[in-house]
Amino acid sequence: MTTTATSEVISLRDITKAFPGVIANDHVSLDIVSGQVHCLLGENGAGKSTLISILAGMQQPDSGTVAFDGKVVDITSPKVAVDYGIGVVHQHSTLVPAFTVLENLMLGESSMLQNTKRAEQRLGELADLLGVEIDPHALASDLGLGQQQQVEIAKAMWKGSRLLVLDEPTSMLTPQAIEHLGESIARVKAQGLAVVLITHKLREAYAMGDCVTILRGGRNVGHIGVEQLAAYSEAEAQDAILAAMFGDDLAAVGDEASDLAGAAEATREVRAIDFDDRPVRLELRDVSSRGLGRDIEADGVTLTVHEGEILGIAGIDGHGQGALSEVVAGQRPVASGTVFFDGEDITKSGVRSRQQLGVRYVTDDRLHEGTVGSMSVALNLVIKRIGQRPFWKSGRIQPKAVDTEADRLIQEYGIRTPSPETRAGTLSGGNIQKILLARELTNGAKLVVVNKPTYGLDLKTVHLVREILIDFAARGGSVLLLSTDLDELIELSHRIEVISRGSLVGGVVNDGVGTAEKVGHYMTGAIEGTD
Amino acid sequence: MNETSTAQRFAQGFVRSVVPVLLALIVSGLIMLAIGSSPLEFFAGVWKYGITGTNWQRSLSLMAPLLIVAIGLIVAFRGQLWNLGYNGQYLLGAVTASGLGPILFDVLPAFLATIVIFVVAVLVGAVWSLIPAILKARYGTNEIITSLVMSFIAVGVVNLLIKGIFKDPAVSTPQTPVIGDDYLLPFIPGTEIHIGFVVAIALAIVAQYVLSRTSFGLRVDIFGASPKAARHVGLNSTWMVILLFALSSGLIALAGSVDILGQFAYQRADWDPRYGDAVMPLVFLARFRPVAAIPFVAFYAVLATGGTLASQQAGLNVDFLLVIVGLILLFMTITEYLGNRRQLGQSYLPAGLRRTVLQPFRKESERTSA
Ligand SMILES: Nc1ncnc2c1ncn2[C@@H]1O[C@H](COP(=O)(O)OP(=O)(O)OP(=O)(O)O)[C@@H](O)[C@H]1O
Ligand SMILES: [Mg+2]
């Protein structure tokens, strides 16, 4: 470890934290040095968020210590963490949507008299430091994800002067926003703060990090120091990280590992199909949606998905993907237009009858919409079949049948959970996503709508999810894949349509080189055309 | 959670429910001392007038309306719908019995008239809840405010009825005619506990079963946990809000009619026992489980039955009972907070203190940090 006289070391020693059925952190020790970006990598459930929630004072370790330059401190509450200058940007947004930027930032302010002027000044300083522009009076809900994140960072650094922790900050961002974030992180680092960056993307770890620590099963299984990382080429660094991350499992991931790591250029991985032989499974004719919220509605969407086809929908996040998925799933009313499924008009039918026809929906809001966190994994696996046999008989739940089905799906999809009775909300992101896929793809699924299926998932799980979708299509299932990840769309889709402001603005058949350019062309065209 | 923690969880639930009650009793004792009354005398009085002799039968009779109100609250609260219009709903049910009773018992066999009264009471309660329910379902209006407002209106309407068409012309005070003993709910043989008590216990068991074992109960829980998830699994949330509100309000109105036909036999204007105010903390203590509410309601029924006389003897105002209920609520919040801290692995002791205390017991290696 390089420690110069001026730089401070935050050292975690033998941090251990157990939850019922899992040891989330198992004697983890690591040093975080000011003026450096320390990347934390590891599979879903490796214990990354738990470790930083201990740093943030949200959880107390069962044993182990945190010390600043050798002096042991007790971070007993989030407030204490803030007082020590530790700021955390959590995996899931913590902004209050109905509040303005400034109000959100001043939430943590303890003095009775909130000094708006000083707050504005502080925001100005932070904006300068981060190299961004933030309107203090904009409503948080009106900001794009990238901007929201800038506010979150400003909030974390509001009183912070020691350590900035970013938990998977890039998983929902566009490439441009990620670039901005990188610049901001570099500036924070130059100020002499220590930065901890959690990510699943090796490319980012290499580009932004000064050193890397890898967690697996709650243990620190590998560290690449500053000199070593600087000496490595990108490929070498990746190999070292992958080896530590997956250990013996690496073989199972195989060649795909480097592919997933984002090193190679994306190519289509599904078998080509001949559209003419394939009956149309889903057809939308000039469909517009009508919701209650403020998000963008689907506007005059016409599309078809064939049997065995994966139709990709590309677009910047928040351009009506949610509305389109919900219209197909039956969760959002159709204002005009018609929806056909296997030739039958289903415009008027609701979620449950569509579900029985074989229309399924894997939502992007896994935590609050896709699962009920306070209920067991087993119940979550049958939650879309409430009242149906064999799980319910004349309205009565049949625990045996539910358990059998849960065991089967947990086995088949490799859901890692201490038991079927564990509350779903305590599982890691990847395993929650597996619950959704298992539930939606079972029992006669014909068409599945998947919205951003792999964000926040580790490499292996990303791979698994994509395999599951490819497999489903190969067996004749149809997939409507909405994603902001162009590489993912190119790998999986037979055709790609581009969505912008709720309308489809162009389509590309994914049959060789140049798809990315063509899709990119439609996306920029749409943006320039409307902005 | 796995099997090993089931017993633990049960113990935890027990602690979290019973500790606040004990603390509230202790602190209320201290308050009594402070204001110069004797807590011993008071609690002895509660015991004497609430349990000894045949007094326990009066306590159980009081349990009937309390428990039915509790079940009504639980049904709404499980779905995260805060029906606070219980006082008005209760009085509407009561006035259905006290107003229709004297008319119906003249023309119908008692059994049939009783059934008709119960059904009408439930319907009146359900209909009264439609306005807050529809406002909530369609426009997201806060149901706490609308149900409270509807409750105020109901209290007014009930008084108008008692002073108007339901008034007993034979007496000068505004009250309904007294229903003859022959028409009231029968007693459980050998006791003076009316069968409303049995009805209440049966309702608690049925509600417990429906809420925890059936598809309907699961739907309510999903709806309560996350409206977004409810929409995702295809629940009709408009219907759900209306149904839960109607059930809740209907049950509370039923409690009112059971109370009149079982206990009071007539109703005076401006009479309002406000059972819901006392029951509400109890349903939180029971964690919205109907069967678990039974012991808490029993506890309160004894306290209320015995406490009325006991507080007079100890020189206290009857309102002191509500102080005890308030203290239960307060300590419940505190135990809950500490319980959550524990669940997060946070200690009751500040970490610094804990480490210093534990230091001598640690292994050498753990003691040094750097
Ligand atoms: N509050 C909790 N109660 C029970 N188990 C928990 C709790 N929080 C985390 N866990 C468990 O601890 C383990 C580590 O979780 P953690 O969230 O730290 O993983 P992670 O590395 O951040 O994963 P991801 O990449 O999916 O965010 C997981 O098995 C998870 O199920
Ligand atoms: Mg995490």
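## Close-ups of a predicted model

**View 1. Around ligand 1.** Start with the ligand: 18 residues surround ligand 1, and the ones that come nearest are A:Asn44, A:Gly45, A:Ser49, A:Thr50 and A:Thr426. Keep in mind that this is a predicted model. Three side chains are worth zooming in on. A:Ser49 puts a side-chain N or O atom 2.7 Å from an oxygen atom of ligand 1. For A:Asn44, a polar side-chain atom sits 2.9 Å from an oxygen atom of the ligand. A:Glu168 also shows up here, with a side-chain N or O atom 3.2 Å from an oxygen atom of ligand 1.

**View 2. How chain A is carved into domains.** The domain assignment splits chain A into domain 1 (8-85 + 161-260), domain 2 (95-159) and domain 3 (280-358 + 444-524). Domain 1 is given as two segments, 8-85 and 161-260, and domain 2 covers 95-159. Taken over C-alpha atoms, the centres of domain 1 and domain 2 of chain A are 25 Å apart.

**View 3. Where domain 1 meets domain 2 in chain A.** Here 15 residues of domain 1 of chain A are in contact with twelve residues of domain 2 of chain A. Together the two domains bury about 1,100 Å², with 68% of that on carbon and sulfur atoms. On the domain 1 side, the residues that lose the most area to domain 2 are A:Leu164, A:Ser184 and A:Arg187, which together make up 32% of what that side buries. What about charge pairing and polar contacts across this interface? The rule finds zero salt bridges between domain 1 and domain 2 of chain A, while two residue pairs are in polar contact. β7 (163-167) and α6 (175-190) of chain A each supply at least two residues of the domain 1 side that touches domain 2. The largest share of that side, five residues, comes from α6(A). By class, the domain 1 side has ten nonpolar, four polar and one charged residues.

**View 4. Chain B against chain A.** In this view, 27 residues of chain B are in contact with 45 residues of chain A. The area buried between the two chains is about 3,100 Å², and carbon and sulfur atoms give 53% of it. How many salt bridges are there between chain B and chain A? The count is two. One to zoom in on is the salt bridge between B:Arg231 and A:Glu326, whose closest N and O atoms are 2.9 Å apart. Polar contacts are here as well: the rule finds eleven residue pairs across the interface of chain B and chain A. On the chain B side, the elements giving two or more residues are α8 (196-213), α9 (215-225), α10 (227-232) and α15 (351-358) of chain B. α9(B) gives the most, with six residues. The residues on this side of chain B divide into ten nonpolar, nine polar and eight charged.

**View 5. A salt bridge between two loops of chain A.** Over all chains, a search of the whole structure turns up 32 salt bridges. The pair in this frame is A:Glu297 with A:Arg332, and their closest N and O atoms are 2.9 Å apart. A:Glu297 lies in the loop between β11 (280-289) and β12 (301-306) of chain A, and A:Arg332 in the loop between α12 (321-329) and β14 (334-341), so the pair ties together parts that are 35 residues apart in sequence. As a general reminder, side chains of opposite charge can pair when their charged atoms come close.

**View 6. Two backbone oddities in chain A.** Some background first: most residues other than glycine have a negative phi, and most peptide bonds are trans. Which residues does the cis peptide bond in this view join? A:Arg389 and A:Pro390 are the partners, with omega about 0 degrees. A:Pro390 is found in the loop between α15 (377-382) and β17 (392-393) of chain A. The other spot is A:Asp69, which is not a glycine but has a positive phi of about 45 degrees. Look for A:Asp69 in the loop between β4 (63-68) and β5 (71-73) of chain A.

Methods:
Residues are numbered from 1 along each chain as its sequence is written. Chains are lettered from A and ligands numbered from 1 in the order in which they are written. This is a predicted model: local features need pLDDT of at least 70, side-chain atom pairs count only at pLDDT 80 or more; totals for chains, interfaces and linings use all residues. Side-chain values use heavy atoms; hydrogens and water are left out. Domain bounds come from an automatic or database domain assignment. Contact means heavy atoms within 4.5 Å. Buried area is the accessible area (1.4 Å probe) that two parts lose on being put together, summed over both. A salt bridge is a side-chain nitrogen of Lys or Arg within 4 Å of a carboxyl oxygen of Asp or Glu. A polar contact is a pair of N or O atoms within 3.5 Å; within protein, one must be able to donate a hydrogen and the other to accept it, and residues adjacent in sequence count only if both atoms are side-chain atoms. Helices (H or I, at least four residues) and strands (E, at least two) are DSSP runs, numbered from the N terminus. Ala, Val, Leu, Ile, Met, Phe, Trp, Tyr, Cys and Pro count as nonpolar, Asp, Glu, Lys and Arg as charged, and the others, Gly among them, as polar. A residue is near a molecule or strand if one of its heavy atoms lies within 4 Å of it.
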